[in-house]
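Here are a few notes to read with the model open beside you. I have put them as numbered points, so feel free to dip in wherever you like.

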Amino acid sequence: MGVRESARLLARVHNAALAGDPPPATPRTVISESWRRVRKHGVDPDVGRHTGLLPTEELEHRRQSSPLGDVIPQLREGLVTVADVAWHIMVVTDADGRVLWRDGSLAVRRSADRLGFAEGASWAEDAVGTNAIGTALVTRTPVQVHSSEHFVRTHHGWTCAAAPLHDPRDGRLLGVVDVSGPAATIHPATLSLVTAVTRVAEGELRQRHWASVERLRAVAAPLLARLAGRGRPAVAVDRDGWTAAVTGMAPPDRVALPAALRAGEMWLPTLGVCAVEPLPGGWLIRVGDGRDPAGPASRVVLDVSGPRAWTVTVSGAAGSWAQQLSPRHAELLFVLALHRGGRSAAELARDLFGDAGRTVTVRAELSRLRRSLGGVLAHRPYRFADGVEVEVVRPARVVDLLPCSVAPAVVAARM
């Protein structure tokens, strides 16, 4: 089937889906599921639901604070020349779907401006319907959306291919890389190209991370040598808790740090009472004798009220600390909060994946969580520890609960 015939068929499928009629062909699963989500969000199929552009100051702040800024040269080198020749543009968004950078064909950029597809715009599904950027943010996988697969009719003249870009250190979603242009210029290799270039960019971020850890190790080495001579256990970590050097203790891969770490004495969930000192690019943590005079944590607040950022705050007599959560860890803690009596690995696998056989993945994720949260979580079965008060902060609308999640337990909780 040619490009024009395919576009006409997709348009008939789109119209039938909106009208509730039997479609002449079955849309791809990723598209039909996206259309279902978008309709729940109340997106207008004629014009979308644009939220406006970010103010210039906010746009610049997001650019400066995003790790993606470090790999823009690699992305431009791999995509912009190809996009320009093919009458396409390269777009890079953050994890909220906000367009941070855009480059490529000037004529296509002008056409994109008329759609509101400009720097500072939100291209999330709940703003502009099904599109490669917004749908990749939800599915966390590379996606190509062609012509009338877009939910909003004004986008039917476009094709787009996007791949999510993750932080290689912890899997956190940083944003999406996209190539978009006129539907008539679609090329079957575009999605593969975007995906490959995105992986190269992730590799560059990984190399930069380990280079920064090596620099921190060089700074910390003489300090740790002096502490070793005194028999004092200590660890040097970067700002995200990754270990650069250690003495007098088993080396952890990563230390769970509070969101607002400060110099001074404080309790850390896996190390006990520690003395924390700043280092260039990180922290020196002098580990105490493992004492925890204030007793274990007694309260947990799981905040899943935001659309793409979630936190857990742990409190006790020793104070409190907060930590950002990955999407998977937010799902796990939410399910455990629903089932205070506990869940087996098979039950959690069914809750998260709809497949009771995926226990290896569940156990691995819970092992990471238990290392981060200290004594907050128990096992056999997996649950919040006895005596821990748990509060869940939910969004105002039930439909907005962990909106990117497709875990069966979360989907059921949205009903």
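1. **Helix H7 and its ending.** Please bear in mind that this is a predicted model. A good place to begin is the end of helix H7, which is followed by arginine 140, a residue with a positive phi near 60°. At the N-terminal end, H7 is capped by asparagine 131, with a side-chain oxygen 3.0 Å from the backbone nitrogen of isoleucine 133.

2. **How enclosed is H7?** Helix H7 covers residues 132–139, and seven of its eight residues are buried, so the rest of the structure largely encloses it. The buried ones are Ala132, Ile133, Gly134, Thr135, Ala136, Leu137 and Val138.

3. **What surrounds H7.** Which elements do the buried residues of H7 pack against? On the helical side they meet H2 (29–41) and H6 (125–128). The strands are S1 (89–94), S3 (143–146), S4 (158–166) and S5 (173–182).

4. **The largest nonpolar core.** This core has 37 residues, and Leu333 and Leu373 touch the most other members. At least two residues each come from strands S11 (299–303), S12 (310–316) and S13 (319–325), and from helices H9 (327–338), H10 (345–353), H11 (359–373) and H12 (408–413). Helix H9 is the biggest contributor, giving seven residues.

5. **Around leucine 373.** If you click on leucine 373 and set aside its neighbours within four places in sequence, you will find it in contact with Pro269, Val312, Val314, Trp321, Gln323 and Leu333. A second core, separate from the largest one, has 30 residues, among them Ala95, Ala127, Ile133 and Trp158. Ile133 also brings us back to H7, where it is one of the buried residues.

6. **Cysteines.** How many disulfides does the structure hold? There are zero. Two cysteines to look at are cysteine 160, buried with a relative accessible area of 7%, and cysteine 274, also buried, at 1%.

7. **The chain as a whole.** The protein chain contains twelve helices and 16 strands. Its radius of gyration is 24 Å, which agrees with the value near 22 Å for a compact globule of 415 residues. The C-alpha trace spans about 75 × 45 × 40 Å along its principal axes.

8. **Burial, surface and contacts.** Of the 415 residues, 47% count as buried. The chain exposes about 19,000 Å², with carbon and sulfur atoms supplying 53% of that area. Among contacts between residues at least 6 apart in sequence, 55% join residues at least 24 apart.

Key:
Residues are numbered from 1 along each chain as its sequence is written. This is a predicted model: local features need pLDDT of at least 70, side-chain atom pairs count only at pLDDT 80 or more; totals for chains, interfaces and linings use all residues. Side-chain values use heavy atoms; hydrogens and water are left out. Buried means under 20% relative accessible area, exposed over 50%, partly exposed in between (1.4 Å probe, protein chains only). Helices (H or I, at least four residues) and strands (E, at least two) are DSSP runs, numbered from the N terminus. Contact means heavy atoms within 4.5 Å. A polar contact is a pair of N or O atoms within 3.5 Å; within protein, one must be able to donate a hydrogen and the other to accept it, and residues adjacent in sequence count only if both atoms are side-chain atoms. A disulfide is a pair of cysteine sulfur atoms within 2.5 Å. The radius of gyration is taken over C-alpha atoms; the globule rule is 2.2 Å times the number of residues to the power 0.38. Accessible areas come from the Shrake-Rupley method with a 1.4 Å probe; for residues, only the protein chains shown count as cover. A nonpolar core is a set of buried Ala, Val, Leu, Ile, Met, Phe, Trp, Tyr and Cys residues joined through side-chain atoms within 4.5 Å.
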